[in-house]
Amino acid sequence: MLKKIVIKNINSIERCEIDFSKGNYKFAEENLLGDVVNPIAIYGHNGSGKSSVLNAVGYFISLMYYPAEALVPFIVNDFLFQEYIEGNRQDKNKIKGSISFEFDINNDNYEYFLETSRDNYISNECLSKNGERFFERQNKIYTYKGSEYNIKDYSPMVPLLRILASSEIMDATIQSVFAYISSFTFVNLPFINKGGFVTSKIFNNTNINDLLVRKSEEVKKLLKEYDNFPIYTITKNNKMTPNGLVASQYNLVFDENGFKKQIPLQMISVGMHNQSLLLSIIAAVPENGVVFVDEVDLALHPTTIKSFLKVIRDKHIQVVFTLHNTYALQMLRPDQVYFANWSKGFSNYYRLSKVYPNIREVNNIEKMYLSSVFDGAIEENE
């Protein structure tokens, strides 16, 4: 289980902490996976920094599988970078961004930290197991199993965890940690028509339409649990063109209640396509995997999110998403909700259970949010 994410100096973020631990609430316990809440929802006004959190995770995921020549450091906060330039480059921390994950695998607790410099190298990296340092890297020098080594013949942007995962095949700790982190998947729904909207080692080189076909029957079963959502499968037909090439035709097939018709996949509605894609990804992610979704409610009817939340619970995976759909607040606990707020050049993040600790089950969280009650609480916290 993923237990905590801490991000520093990436995008608009100065510091962001997302904590998955459950609070002292006795309601909506269906949103618990053991001792963590699931999913985590990030709300906020436009430009508040919601996407900054998930984009930072996306950068991290790419470091674990992109080709070495394509690896880039975290994009640091531009305001801090300008301070670095204007201050004669004294404080190098202003050009470094970092992210850390705390998680449990079986009965062991881990913390993995990765920091990159805008100068295109990994400046710090370490893995701790049950509170003890397992390996540590400072620039090109690293310590592993009590010995010190120099990283040679590798790009300075390739994480040590990735290097060890390919060389230390018999190290169960390295292999289990790398396999778990490799389950992280970032889905950037606003970029669905621009390519590169899924960042994941699991789905690397995967044709999304083929994924839709492969998981179609499973998705159809999930859609039958939805309220007022079309039921369909997606098929693929290969045809020979006059010039001898094979062309693939993807179709949406309806076969319910005596209605049996099909249409080309490109004619599917945006909401249907987005939900099919998310459900296919969730069906393909291994149990206990983690999926990050930007604008999960894009082009969806407000009530559809209720059915989507049920799928998440049943599939036993963790999900972090951003959204504007306030209807979802009726189904979430205060310890599941974070608010992003941009102020004086930085995005800050506030857990609802912290900024408004006296909230109760009888309170209408959605109504309070829409009436700006929480905005006032956030201003007081600042």
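**View 1. The lining of the largest pocket in this predicted model.** Here you can meet the residues around the largest pocket: E14, R15, C16, E17, D19, Y338, N348, Y349, Y350, R351, K354 and V355. Three elements each give two or more residues to this lining, namely β2 (13-19), β20 (346-351) and α9 (352-355). The largest share comes from β2, with five residues. Sorted by character, the lining holds six charged residues, five nonpolar and one polar. The pocket itself has a volume of about 230 Å³.

**View 2. The second largest pocket and the residues at its centre.** This pocket offers about 200 Å³ of space. Its lining is made of 13 residues, and those that lie nearest the centre are Y65, G196, F197, V198 and F203. As you look around the walls, you will find seven polar residues and six nonpolar ones, but no charged residue.

**View 3. Helix α3 packing with helix α4.** Now we turn to a pair of helices: α3 spans residues 160-167, and α4 spans residues 172-181. Their axes lie 9 Å apart and make an angle of about 120 degrees. Because of this angle, α3 counts as oblique to α4. The crossing of α3 past α4 is left-handed.

**View 4. Where α3 and α4 touch.** Moving to the contact itself, α3 brings L161, R162, L164 and A165. From α4, the residues that meet them are I174, Q175, V177, F178 and I181. Seven of the residues in this contact are nonpolar, while one is polar and one is charged.

Notes: Residues numbered from 1 in each chain as written. Predicted model: local features only at pLDDT ≥ 70, side-chain atom pairs only at ≥ 80, totals over all residues. Heavy atoms only, no water. 1 Å grid on protein atoms, 1.4 Å probe; cavity = no way out; pocket = protein on both sides within 12 Å on 5 of 7 lines; lining within 4 Å. Points joined across faces, edges and corners; volume = space filled by probe spheres on them. Helix = DSSP H or I, 4+ residues; strand = E, 2+ residues; numbered from the N terminus. Nonpolar A, V, L, I, M, F, W, Y, C, P; charged D, E, K, R; others polar. Axes fitted to C-alpha atoms, helices over the stretch in contact; angles between N-to-C directions. Parallel < 35°, antiparallel > 145°, perpendicular 65-115°, else oblique. Left-handed = near helix turned anticlockwise from the far one by under 90°. Contact = heavy atoms within 4.5 Å.
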